[in-house]
Amino acid sequence: MKKLTLGLSALALSVSAATAQANCDAGEIVAKLSHVTGGTTHPKVVAANKLAERVNAEMNGTMCIEVYPNSTLFGDSKELEALLLGDVQILAPSLSKFGSYTSKFGVFDLPFIFKDMDAAMRFTNSDAGQDLLLAMEDVGFVGLGYWMSGMKYFSANKPLLKPSDAEGLKFRVQNSDVAKAMIAAMGGSPQPMAFKEVYGALQTGVVDGQENTWSNIYTKKFFEVQDSTTETSHQLLAYLFMTSQEFLDSMPKDAREQFIAIAKDVTNEANLSVKDKEANYRQSILDAGGKINTLDDAGRKAWVDAMKPVWKQFEDKIGADLIEAAANS
Ligand code: LMR
């Protein structure tokens with residue numbers, strides 16, 4: 001990567017910090033990293049930019065990463081295909097977006113399977129969780145690690161204090177059969193939609209609600225076009241930090257090993273701070289005037305009772321052993 005020259009304007013510097021765009025040299029292995037999230041301290045943005053920063057410094061002259069955030073290169077619907085075509089080399093899609101390639105990842109979407117982020121991390125670090133990184137080896141996808149983000153919460157254009165408040169409402173979901181079944185179990189209507197379209201769909205009433213982390217609800221301003229968000233913590237949002245086997249095979253052995261070692265380091269470091277980041281974004285929503293409905297134990301139990309029957313529907317597809325391993329983590 002060419003060194004930044006001192007004459008850069010403040011504007012250019014801030015753009016460069018937000019997107020970690022590199023200026024790759026001829027002869028370097030160039031990897032495009034595409035993702036859909038925004039902001040500067042969002043967990044995925046931080047991990048992606050850190051990866052690029054470290055590779056571009058430590059592998060200067062050998063490998064160079066260019067980061068494309070905010071669906072600027074590929075959005076949800078095209079990015080996995082693009083990875084297989086070699087049009088992008090590194091991605092970090094939500095674990096909910098792999099339904100066309102494996103049903104096993106449905107385990108991450110089962111409502112209330114993880115008590116909290118710590119339980120989710122115990123599972124992703126377990127043998128069962130690590131095996132899933134290679135669940136799509138046959139397709140040519142290689143999971144390099146899990147980038148955790150946060151638990152998910154429901155927001156809508158009216159207060160959702162109990163599950164029956166969701167009856168008849170349209171909720172945007174990621175393209176996940178488990179998520180669709182979960183919304184149906186609440187009496188709502190699931191509308192799969194790409195992430196970049198969610199704000200507009202909430203604003204114009206194409207959908208009434210959505211489910212996401214504090215970091216996405218804040219950085220994409222969903223709270224501004226919703227009545228309130230209910231602190232359900234019903235699902236995990238985490239990302240598969242991934243590449244393709246073809247890309248790894250194209251690299252000389254030393255470069256591949258160095259890249260994989262940096263990837264592991266960045267993953268471990270990024271995951272240490274996600275809980276703090278989420279807490280900060282929750283506070284930022286409140287500071288900006290967003291409303292958050294909290295649940296007491298009885299209130300939370302009502303949501304669990306409404307959504308947990310979904311587990312049974314997916315037991316055959318996901319596998320009872322895998323569900324048990326996740327639930328007991
Ligand atoms: C969503 O589609 O809601 C999220 O997966 C977006 C993201 O990558 O955080």
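**Exercise 1. Identify which residues of the largest nonpolar core touch the most other members, and state which strand supplies the largest share of this core.**

Solution. Begin with the term itself: a nonpolar core is a set of buried Ala, Val, Leu, Ile, Met, Phe, Trp, Tyr and Cys residues joined through side-chain atoms within 4.5 Å, where buried means under 20% relative accessible area, exposed over 50%, and partly exposed in between, with a 1.4 Å probe and protein chains only. The largest such core has 72 residues, and Val107, Phe108 and Phe114 are the ones that touch the most other members. The largest share of this core, seven residues, is supplied by strand E4, which covers residues 141-156. Helices (H or I, at least four residues) and strands (E, at least two) are DSSP runs, numbered from the N terminus.

This is a predicted model, in which local features need pLDDT of at least 70 and side-chain atom pairs count only at pLDDT 80 or more, while totals for chains, interfaces and linings use all residues. Residues are numbered from 1 along each chain as its sequence is written, and side-chain values use heavy atoms, with hydrogens and water left out.

The next step is to list the partners of Val107, taking contact to mean heavy atoms within 4.5 Å. When residues up to four places away in sequence are not counted, Val107 touches Ile113, Phe123, Leu132, Ile318, Leu322, Ile323 and Ala326. A second, separate core has 29 residues, among them Met59, Leu144, Leu237 and Phe259.

**Exercise 2. Describe the surroundings of Leu237 and Thr229, and decide whether each is buried or exposed.**

Solution. Leu237 is found in strand E8, residues 228-244, and Thr229 has its place in strand E8 as well. With a relative accessible area of 3%, Leu237 is buried; Thr229 is likewise buried, at 2%.

For the contacts, again without residues up to four places away in sequence, Leu237 touches Ser94, Met148, Ser149, Gly150, Lys152, Gln174, Asn212, Thr213 and Asn216. Under the corresponding exclusion, Thr229 is in contact with Tyr153, Phe154, Ser155, Trp214, Ile217, Lys291, Ile292 and Asn293.

Lastly, compare separation in sequence with separation in space: Leu237 and Asp109 are 128 residues apart in sequence and 8.3 Å apart C-alpha to C-alpha, while Thr229 and Ile285 are 56 residues apart in sequence and 9.9 Å apart by C-alpha atoms.

**Exercise 3. Locate Asn70 and Phe112, give the phi value of each, and assign each an accessibility class.**

Solution. Phi of Asn70 is near 60 degrees, a positive value in a residue other than glycine, and Asn70 is found in the loop between strand E2 (63-68) and helix H3 (76-85). At 37% relative accessibility, Asn70 counts as partly exposed.

Phi of Phe112 is near 65 degrees, also a positive value in a residue other than glycine. Phe112 is found in the loop between strand E3 (90-91) and helix H4 (117-125), where its relative accessible area of 10% makes it buried.

**Exercise 4. Place Ala181 and Ala270 in their helices and determine whether each is buried or exposed.**

Solution. Ala181 lies in helix H6, residues 177-185, and is buried, with a relative accessible area of 12%. Setting aside residues up to four places away in sequence, Ala181 touches Val310, Gln313 and Phe314. The C-alpha atoms of Ala181 and Gln226, which are 45 residues apart along the chain, are separated by 23 Å.

Ala270 lies in helix H10, residues 253-272, and counts as buried at 14% relative accessibility. Ala270 and Val67 are 203 residues apart in sequence and 16 Å apart in space, C-alpha to C-alpha.

**Exercise 5. Characterise the chain as a whole, and explain why it is as compact as a globular protein of its length.**

Solution. The chain has 14 helices and nine strands. Its radius of gyration (taken over C-alpha atoms) is compared with a globule rule of 2.2 Å times the number of residues to the power 0.38. The radius is 20 Å, close to the 20 Å that the rule gives for 329 residues, so the chain is as compact as a globular protein of that length. The C-alpha trace spans about 60 × 45 × 30 Å along its principal axes.

Turning to the interior, buried residues make up 53% of the 329 residues, and among contacts between residues at least 6 apart in sequence, 74% join residues at least 24 apart.
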